[in-house]
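Trainee: I have not seen this entry before. Please show it to me, and then let us go through it in questions and answers.

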Amino acid sequence: MGGAGSAGSLEGRLRDEEVTIGDLKTEIEDRTGATVELAPEQEMMTINMGPHHPATHGVLRLIVDLEGEVVRDLKPIVGYVHTGIEKSCETMNYWKVIPFVERMDYLAYFSNMEAYCGAVEKLIDMEIPRRAKYLRMLHLELNRLHSHLVWLGTSALDLGAMGVYFYCFRDRDKVLDIFEMSTGQRMHTRYFQIGGVAEDIPSGFEKKVRELIVTLNTGIAQYESLLDRNEIFLHRTKGIGIVSRERLLELGVTGPLLRASGDAWDLRKEGGYLAYPEIEFDVPVGTVGDGYDRYRVRLTEMRESLRIIEQCLDGLPEGPWISDDRKYVLPPRAELSTSMESLIHHFKLVTEGFRVAPGEVYNPVESPRGEVGCFILADGSSKPARVHYREPSFVNLQALRDMAVGEYVADLIQTLAMLDPILGGIDR
Amino acid sequence: MPDAPGLELILAEINRSQPGAVIDTSFDREQAALIVDATQIIGVLTWLKETPGQEYTFLASVHGVDYLPNLPRFAVHYELLNRERYERLRVKALLNDPAAEHEAGADGTPAGTPGGSRPDGVPSGTATQLLPHIDSCVGLFPTANFQEREIYDFFGVVFDGHPDLRRILMPDDYVGWPQRRDFPVGGEPVIFTKDEVTNPGWWQ
């Protein structure tokens, strides 16, 4: 029997009795008479996490090097749900691309739409009506609530707080009800159009949103009371996964992750797109940038979103909700039976789409996960020559290694949950 | 956002220290861009990042672009951002397609498809010569790591000096550069396990 065989039979003893590596080494050497090298690296173990693991929030695969329970190295492997969305966009007319880009980051579909529609509007130099801006902001913030509620529920579930998950999904459903009311769809609404939004809000919408604001304000207080005094939650999040602000900036991290480390960077404030400069809201920041700060920042962001929604409802201007530029926007349904020009415009737009003069545009927007940017290259035809998304999840995922190395493997789950990656966005 | 004269100033200043580095500027639809010689890209990015008064310290995004049928065919775009002034600046490095030059060459040998790569994804010796090359900026901006891998994956642009240049979204053994404009959509058969009976060994 060789040395390896002896070691194999001793493995069981290692577990049953308290045999150290040193004992094992002497015993094998005594029995075989050979010198055995058991370097510390032999205690390193490489394990595979995912891709089908509920705690990876999608099909994310991690190759983790463990020394005992401590993570020493980590490599994310992505691409399992790559569907070639950017390639498909190149085969579609400008306005037919919208449903594709929505499905990248499936929790932030309004942000994706805003990045795309805003980019096309920059390309064709179109100013959208004020009412459309407010309706877009309203839906973007509802979308942020929706995304953060899903994040909070699933992350709390990862840390063993089952109740929070149910409460969050209960409230998330109410947000989706509102989407259904204004757009007809619960997810992937295709509500933003080039030039504005598809439809005005129905009657009774405002009342329902105001009810939601009240419900969610108490709801957020509920989640806080469930988690903020939860000993297990605090122990598992405080002081874990800290990365310095400078390093995060080097890695291109944006969104709540960056704000949790104390950097008040928010494109809604800095970029000033839509009508955000007219709205009063605060940018919550953390102090140390651990898991707990990330949780606090997102929770406070939800409160700020509610404030923005309230101001959008109060200041909602009257007027058209979509531009009346017939070159780019479908004419109203009623006009089709009376106006020949409308019929021609409608026919041209539906069959061929509109042409865009050559040029390139990058349009960044603050999504629930950070800067989502849409780059469009127009070549003069009615189809974009290149649509590229700067996905916040894709870029932020690079910070996972810095966050997790040196921590316990159990904390890796927590760190990943607080990173909030959406694999549909990463893989596109 | 630097306007058109501001861009000309930047061009003049960079070209004083690195002659010929910036070829042209463009200011279109409120978007400022520098068009840069691809061989000097790291010098330009370093200058923009570290020169006092410029300080474009944040790399927001890197895009790969295929300008087919225009020449030079490929480009790598760097979306730089100055966070203090909220100014964005795009740096475009244009790249020629060595495969097309090879094909047009007088040697008469048919050029292979430029998509060859070893199963581990690292391009093999002869294939990389047919791919456009540019220096990697991961040392300057660590965030470019995944994004350069993505461009390599989709366009076959080789980033020299990248620490881990493998495919990222496509499978490691994939052949071809799917985001190039001459790569067909739906050009490959969809394979289902139910076809095992009629098409044994489909997974090979």
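**Helices, a sheet and an interface**

Mentor: Helix H7 (residues 162–183) of chain A has 22 residues and reaches 31 Å from its first C-alpha to its last, close to the 32 Å expected at 1.5 Å a residue. The expected span is 1.5 Å times one less than the number of residues. This is a predicted model, in which local features need pLDDT of at least 70, side-chain atom pairs count only at pLDDT 80 or more, and totals for chains, interfaces and linings use all residues. Residues are numbered from 1 along each chain as its sequence is written, while chains are lettered from A and ligands numbered from 1 in the order in which they are written.

Trainee: How many helices and strands does chain A have?

Mentor: Helices (H or I, at least four residues) and strands (E, at least two) are DSSP runs, numbered from the N terminus. Counted this way, chain A has 18 helices and eight strands.

Trainee: Over what arc around the axis do the buried residues of H7(A) lie?

Mentor: A residue is buried if 20 or more other C-beta atoms lie within 10 Å of its own, exposed if 12 or fewer, and partly exposed in between, with C-beta atoms placed from the backbone. The buried residues of H7(A) include Val164(A), Cys168(A), Asp171(A) and Val175(A). They are on the same side of H7(A), because the directions from the helix axis to the C-beta atoms cover an arc of only 120 degrees.

Trainee: Which exposed residues does the face of H7(A) turned away from its buried side carry?

Mentor: The buried side is covered by elements that include helix H6 (130–158) and helix H8 (205–228) of chain A. The face turned away from that side carries the exposed residues Met162(A), Phe166(A), Asp173(A) and Asp177(A).

Trainee: Which residue just after H17(A) takes a positive phi?

Mentor: Helix H17 (residues 409–419) of chain A is mostly covered, with nine of its 11 residues buried. Among them are Asp411(A), Leu412(A) and Leu419(A). Just after this helix, a positive phi of about 60 degrees is taken by Asp420(A).

Trainee: Which strands are at the edges of the open sheet of three strands?

Mentor: Two strands pair if DSSP finds at least two bridges between them. The sheet has the order S1-S2-S3 (chain A), with antiparallel pairing. Each edge strand pairs on one side only, and the two are strand S1 (44–49) and strand S3 (70–77) of chain A.

Trainee: Which residue in S3(A) stands opposite Leu62(A)?

Mentor: Strand S2 (residues 61–67) of chain A pairs with S3(A) in the antiparallel sense over seven bridges. The residue of S3(A) opposite Leu62(A) is Pro76(A).

Trainee: How many residues of chain B are in contact with chain A?

Mentor: Two residues are in contact if their C-beta atoms, placed from the backbone, lie within 7 Å. On the chain A side, 33 residues take part. The elements that give two or more residues to that side include helix H5 (109–123) and strand S6 (359–367) of chain A. These 33 residues of chain A touch a number of chain B residues that comes to 23.

Trainee: Is Arg166(B) buried, exposed or partly exposed?

Mentor: Arg166(B) is found in the segment after strand S7 (158–160) of chain B. Because 14 other C-beta atoms lie within 10 Å, Arg166(B) is partly exposed.
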